[in-house]
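Q: I should like to learn how to read the packing, ring contacts and charge pairs of a protein model. Where should one begin?

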Amino acid sequence: MQRIGSLPKDDQDPGWFHTSRLRQPRPPLVGDAQAPWVVVGAGFTGLAAARQLALNFPNDKVILVEAQQVGFGTSGRNAGFLIDVPHDIGAPDYIGDRTIATQVLHLNQRGQRILRDLVEEHNIVDAQMRHSGKYQAAVEDEGIAVLNAYRGGLEGLGQPCKIIEGSELHEHIGTSFYRKALYTPGTILVQPSGLVKGLADSLPANVELYEDTPITAVDYGQKTVLHHPTGRITADRLILANNAFGAYFGFLQGRMLPIFTYGSLTRPLTAAEQASIGGKDFWGVIPADPFGTTLRRTHDNRILVRNSFSFNPDGRAKTNYPEKVRPAHRLSFERRFPTLANVEFEHTWGGGLAMTRNGAGFFGELRPNVYGALGCNGLGTVRGTATGTLLANLLAGKREELTEYLLAAPKPAWNPPEPMLSIGVNFTLRSGQAKAGLEG
């Protein structure tokens, strides 16, 4: 028996969750159950996999289990960007190998299309989905160099983009803080928790969703037996869609890095406050420096500020850490919007990313009758949706070019042993945030 050494546990103040539609969660599983297909993790990846399995095998029951409530965990805690274009920070032009970049572009666009079609089909209004593009903005010289290099890479890939100078940028995003931005029109912005809740509530009838049902142990054999607090689930085939927690199921151990990022969400701006900043009423900014600040102006006229990082080896929230990072959010917010200095934050929270040292995820068979789509590397919204769908299709015998690309792609690299790992990761995070300067 493989005992699960760490269970998901997030802080209690995720702003997207609390400002989206209140829904009645599905009850936990009580007692025993069995199904041909069991999916662990009801985030973007797991919801996509369960949905597509149900469509591919309409006469089969699909069990989807989630340790917390849908929309409360990682998938409801990101900044809500559905980004299409690749961004390889290890390449001089942020594109790198054109063949790989093209496949990444197609994979991201596949995830976008799936989510867009589901929002339209099921009228998921609370997703607040808008095709608004994104601004990648910079204030420091190094950030400006990144934008110029990335522009050349995108143009080489045939993707539309536009440099917007600081003198014009205020008309777009309501702040004169940045010197330059690179605008790419293909990004879609969403309310992530609202989207995930809507996806869960529109699953096919042959999907049984159980929330607040953590898996505490697992027995592998011809069939997989999953233990939960009040019983067992027997699966003919198991799909793991739980990112960093896949390591506690015995797979990819020592290959994933649970990194948490942190966001704060203001109260809604008054009409006078909106007028004081101007700009468009809905937009998203990502930083030129990966350790910089992400910004959103939301559908309900709030401002999201997202920066600061921590390494949480067990994948669980650190006690009181949101309170520790709130001053950094406050400083970043007031630098960009000095006229809003009296606007308070209503919510501050953290959310996990399953990063790997080489930026590679896992897709495919983990052991007989056990499969996974793990290691989001910060692209869980679109990549998770696409890989969950493609994995379900692979299990139905449906293969395509993107499937072959994922199966042939490099697997997550090994991490150094502890304590070297924690020392190295924490040093990288601290130094990266310090070097970000005004981008932070």
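A: Begin with the nonpolar interior. This is a predicted model, and its largest nonpolar core holds 46 residues, of which Leu64 and Ile239 touch the most other members. Helix α9, residues 382–395, gives the most to this core, with seven residues.

Q: What is Ile239 in contact with, leaving aside its neighbours within four places in sequence?

A: A contact list shows which parts of a chain meet. Ile239 is in contact with Trp37, Val38, Val39 and Val40, with Ala49 and Leu53, and with Tyr371, Leu391 and Leu395. Another core lies apart from the largest one; this second core has 27 residues, among them Ala35, Val40, Val65 and Leu366.

Q: Which feature does UniProt place at residues 37–394?

A: An annotation should be read together with its origin. The UniProt record, an unreviewed entry, places "domain: FAD dependent oxidoreductase" at residues 37–394. In the model, the end C-alpha atoms of that span lie 14 Å apart, and the span is 30% helix and 27% strand.

Q: How many aromatic pairs does a search of the whole structure find?

A: The search finds 12 aromatic pairs. For each pair, one reads the distance between ring centres and the angle between planes. Phe245 and Tyr248 form a tilted pair, 6.1 Å centre to centre with 40° between the planes.

Q: Why does that angle count as tilted?

A: Planes under 30 degrees apart count as stacked and those over 60 as edge-to-face, so the rest, in between, are tilted.

Q: Is Phe245 buried or exposed?

A: Phe245 is buried, because its relative accessible area is 14%. Its partner Tyr248, at 24% relative accessibility, counts as partly exposed. A second tilted pair is formed by Phe333 and Phe337, with 5.9 Å between centres and 45° between planes. Both Phe333 and Phe337 are buried.

Q: Which residues form one aromatic cluster with Phe333 and Phe337?

A: Trp283 and Phe345 join Phe333 and Phe337 in one cluster. A ring may also have a charged group over its face. Arg330 lies over the face of Phe345, at 4.7 Å from the ring centre. Likewise, Arg130 lies over the face of Phe282, at 4.3 Å from the ring centre.

Q: How many salt bridges does the count come to?

A: The count comes to 17 salt bridges. One of them joins Arg23 to Asp201, with the closest N and O atoms 3.0 Å apart. This pair links distant parts of the chain: Arg23 is in the loop between α1 and β2, whereas Asp201 is in the loop between α6 (192–200) and β9 (207–210), 178 residues apart.

Q: Is Arg23 buried or exposed?

A: Arg23 counts as buried, because its relative accessibility is 8%. Asp201, by contrast, is partly exposed, with a relative accessible area of 33%.

Q: What separates Glu155 and Arg151 within helix α4?

A: Sequence spacing is worth checking whenever two partners share a helix. Glu155 and Arg151 are separated by about one helical turn, because they are four residues apart in helix α4, residues 141–156. Their side chains meet in a salt bridge at 3.2 Å, N to O. Glu155 is partly exposed at 44% relative accessibility, and Arg151 is also partly exposed at 34%.

Q: Which residues do salt bridges that share partners join into one network?

A: The network comprises Arg21, Arg23, Asp201 and Glu211. Within this network, Arg21 is found in the loop between α1 (15–19) and β2 (33–40), and at 36% relative accessibility it counts as partly exposed. Not counting residues up to four places away in sequence, Arg21 touches Asp126, Lys197, Gly198 and Asp201.

Q: Where is the place of Asn301?

A: A loop residue should be read by its burial as well as by its position. Asn301 is in the loop between β15 (294–297) and β16 (303–311). Asn301 is buried, because its relative accessible area is 18% and the limit for burial is 20%. Beyond residues up to four places away in sequence, Asn301 touches Arg267, Pro268, Leu269, Gln274 and Asp281.

Terms used:
Residues numbered from 1 in each chain as written. Predicted model: local features only at pLDDT ≥ 70, side-chain atom pairs only at ≥ 80, totals over all residues. Heavy atoms only, no water. Phe/Tyr/Trp six-rings, centres within 6.5 Å; stacked < 30°, edge-to-face > 60°. Buried < 20%, exposed > 50% of the residue type's maximum accessible area, 1.4 Å probe, protein only. Lys NZ or Arg CZ within 6 Å of the ring centre and 35° of its normal. Core = buried A, V, L, I, M, F, W, Y, C linked by side-chain atoms within 4.5 Å. Helix = DSSP H or I, 4+ residues; strand = E, 2+ residues; numbered from the N terminus. Contact = heavy atoms within 4.5 Å. UniProt positions renumbered as here; feature names shortened; annotations may be inferred. Salt bridge = Lys/Arg side-chain N within 4 Å of Asp/Glu carboxyl O.
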